[in-house]
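Reader: Could you take me through one part of this chain in detail, and then place that part in the setting of the whole? I would like a connected account rather than a list.

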Amino acid sequence: MTRKQRRMTIIGGSLAVLALAAALVLNALRDSIVFFSTPTMVAEKHVEPGKRFRLGGLVQPGSLHRGDNLAVTFEVADGNAKLPVAYKGILPDLFREGQGVVAEGALDANGVFKADTVLAKHDETYMPKDVADALKKQGHWKDDYGGKPADSGKPSNNGKTSDAGKPVATTAQGNPQGAVR
Amino acid sequence: MIAESGHYALVLALGLALIQSIVPLIGARLRDAALMNVARSTALAQLLFVGASFTALVMLHVNSDFSVANVYENSHSMKPLLYKITGVWGNHEGSMLLWVSILALFGGLVAAFGNNLPLSLRAHVLAVQAWVASAFYLFILVTSNPFLRIATPPIEGRDLNPVLQDIGLAVHPPMLYLGYVGFSISFSFAIAALMEGRIDAAWARWVRPWTLVAWIFLTLGIAMGSYWAYYELGWGGWWFWDPVENASLMPWLSGTALLHSALVMEKRNALKVWTILLSILTFSLSLLGTFLVRSGVITSVHAFATDPTRGVFILLILCLFIGGSLSLFAGRATSLKQGGLFAPISREGALVLNNLLLTVACAVVLFGTLYPLAMEMLADFKMSVGAPFYNLTFAPLFALLLLAVPFGPMLAWKRGDLLGVTQRLLAAGVAGLVAVAIAWGWASGGSTLAPLAIGLGIFVIAGAVTDIVERTGLVRLPFATVLHRARGLPRSAWGTAFAHAGLGVALIGIVCETTWNSEFIATMKQNDVAEIAGFDVKLDGLLQRQGPNYREMIAQFNVSRDGQPLSVMTPSKRSFTTRGSSTTEAALLTRGASQLYISLGDATAEGAIAVRIYYKPMVLMIWWGPVLMAFGGVLSLSDRRLRVGAPKPARAKQRLQPAE
């Protein structure tokens, strides 16, 4: 083999691998990505049943019902619209009425969102970013959501209400349920 | 006073870093040895001052000094001592301080053990190291000062995020940072080589041990993080393709590529420009990871706090270093002398294929991580790219790579014999096929791909064994000769075999866990029995207990199999009063490489409790694999040829080593 042939082999091989990767990515992009929607977006866009997406919003207070054998139903709201959600399984530790939630699944024929995952969140002051942005966009954002525990030097009382009775005072604005009323 | 001293030490470290950034370079220009040697002293002094600063923060946390904001936000006087210490880096400011401490540690190590480096190379390397350090000291001092005081100190702290109150926090972040930041050394070497316009095989010999050290820690750090997520988050997942996980996987992929290309450069003086580029890319990906995690672009358990100024600052650092180094590369790379060419079928050719597949796989992960961010910014819609995407893209590329792995070490340098190697790998191939057949017959149902993947894993392991068998002449030669040859075999050959076998082990674990994982979810009352994978799990009862800074509810389970009692498992649910949040402590029962996993959900009013039980076959192999890989790395590091600061091997020694 000459120098040129050797070089061409290596360049050709590289291009082949790159082409393969590009083909794989394009193929995967067609049907393996999941879009994020809020109840309002679902209402506006008429999402077809069976199409997977991520639903984000606030858990409507008073809507949580526990059925037999870990079946639960609740409603996800974003101020303008509500969407019923059905889920079977154990809810994450920090799932609470009035708190932000992200669920993944698809609509069934009756317009109920069948969730197969409800995302676990790790902090009581945590607001899923997608939910926060969507709420901001729709003007239902209150500054105290997703309070920043390690933010600034001052020991402000930017904590949120939580049923475990945290000692810090909570302002009226700090009530997360205010948004959906 | 401790806080002020810590702060002051950090400012002094910044001053030293600024001196170290400039003076050695002037010395190199003037060929003044004294000025170049300044780098050594400043690097060591920097390590001392950053170390003092870090120690100060640790002392503040241990003393529960709530007049310091960082301690108030993340500590609690009732917290156990271990978590008071680990809590130092369980928050944004402290973890950045750990980051620079490790950077200073590596700089100090180069200064202390780099005596066999040419003086001007060492000066350049340490200067570049100081640029990175200066940028991050500034970042900490300007945007994330951990020593900030509170005017009216509160009596009690707000406690550390309960999920982080675990032994994992003591191990995972320091290991990961040793990996991330360790790649700064190869980056500095690459920039130094570009600035000096000189690069040769010796350069690769100096860089490789540092890269290897970083790679070993990164491998263990990622594996540890994955195991931590598995047992702490309570839903049995061990990898979520979360952007933060990807941020650690990308430097690992390109770092692995770098290890292999540096080998070609060292042995054959080829692939020089590519190795330089990989060094730059690997550290750039580490920086990108820091940006993704610290800027609040994405939210996850790793992103402690989001603050736009921090994001912008890190983005600036990112652009400066990545942009600067890549422009320097573009300007100078052509002036580096090209190395020799080689036949496509050869050890070098195999290593090129390895690099190609690893970097393309890395690019795919990068795409999957950044695409949703880009779409959100440009097209204003949100989406998530998760496991399905990576299963369709990353998995096939990695499967190709694994298929090629056994061939690489068996091909000769310069010109290899593919047919001969295939024949020698016949036994390994047969072992793989037998494994496919067994897995197929044993597993009724499940994915059809799973048996094939298991066969691939066996093939990789058998290939690594074959390589060692071939080299020692096991089977062919008398046993005494074999032993002698095994002892004479370079440690790096053993290292290669272990690391490659580790890949196969991890693959088998991943496939078994994802395919044959069984799950049982239900509400259970006292004396209820759950049957899963042949185990009978009986709920004996619930009890309450008071921990140091939490209350917990423990469920006691009796596990038996075929009527034989095996063990008692006690998963619990802890609620932390200060933060008002709770964690799930899963209980694990290990049987060989498989595990039974129980975690608890909510208790109902009638005394029943939601229970999640998993049986995860071969799950431990997922983490044994990386441990094997890291062990291989350590073996390779102990190889005489690579030992940091080792003198050139004597000729007589060289003759004793068997031909490779």
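Author: Helices here are DSSP runs of H or I that are at least four residues long, and they are numbered from the N terminus. With that convention, and bearing in mind that the model is a predicted one, B:N145 can be placed in the loop between α6 (119-143) and α7 (168-196) of chain B. Buried means under 20% relative accessible area, and B:N145, at 16% relative accessibility, therefore counts as buried. Its side chain is joined to that of B:H7 by a polar contact of 3.5 Å. Leaving aside residues up to four places away in sequence, B:N145 touches B:H7, B:E93 and B:I140, so that B:H7 appears both as a contact and as the partner in the polar pair.

Two residues that lie in helices can be set beside this loop position. B:H61 belongs to helix α2 (residues 33-62) of chain B, and with a relative accessible area of 0% it is buried. When residues up to four places away in sequence are not counted, B:H61 touches B:N70, B:V71, B:N74, B:S75, B:K84, B:G87, B:V88 and B:N91. The C-alpha atom of B:H61 is also separated by 8.9 Å from that of B:Y72, which is eleven residues apart from it along the chain.

B:I461, for its part, is found in helix α16 (residues 449-472) of chain B, and its relative accessibility of 22% makes it partly exposed. Its contacts, again without residues up to four places away in sequence, are with B:A501, B:G504, B:V505 and B:I508. Between the C-alpha atoms of B:I461 and B:P406, which are 55 residues apart along the chain, the separation is 8.2 Å.

As for the setting, chain B contains 20 helices and eleven strands. Its radius of gyration is 27 Å, close to the 26 Å that the globule rule gives for 660 residues, so chain B is as compact as a globular protein of that length. The C-alpha trace spans about 80 × 75 × 55 Å along its principal axes, and 58% of the 660 residues count as buried. Among contacts in chain B with a separation of 6 or more, 73% are between residues 24 or more positions apart. The accessible surface of the chain comes to about 25,600 Å², with 66% of it belonging to carbon and sulfur atoms, while the mean positions of its 46 positive and 34 negative charges lie 16 Å apart.

Technical notes:
Residues numbered from 1 in each chain as written. Chains lettered and ligands numbered in written order. Predicted model: local features only at pLDDT ≥ 70, side-chain atom pairs only at ≥ 80, totals over all residues. Heavy atoms only, no water. Helix = DSSP H or I, 4+ residues; strand = E, 2+ residues; numbered from the N terminus. Rg over C-alpha atoms; globule rule 2.2 N^0.38 Å. Buried < 20%, exposed > 50% of the residue type's maximum accessible area, 1.4 Å probe, protein only. Contact = heavy atoms within 4.5 Å. Areas by Shrake-Rupley, 256 points an atom, 1.4 Å probe, with all protein chains shown as cover. Lys, Arg positive; Asp, Glu negative; His and termini not counted. Charge placed at Lys NZ, Arg CZ, Asp CG, Glu CD. Polar contact = N/O pair within 3.5 Å; in protein donor to acceptor, adjacent residues only side chain to side chain.
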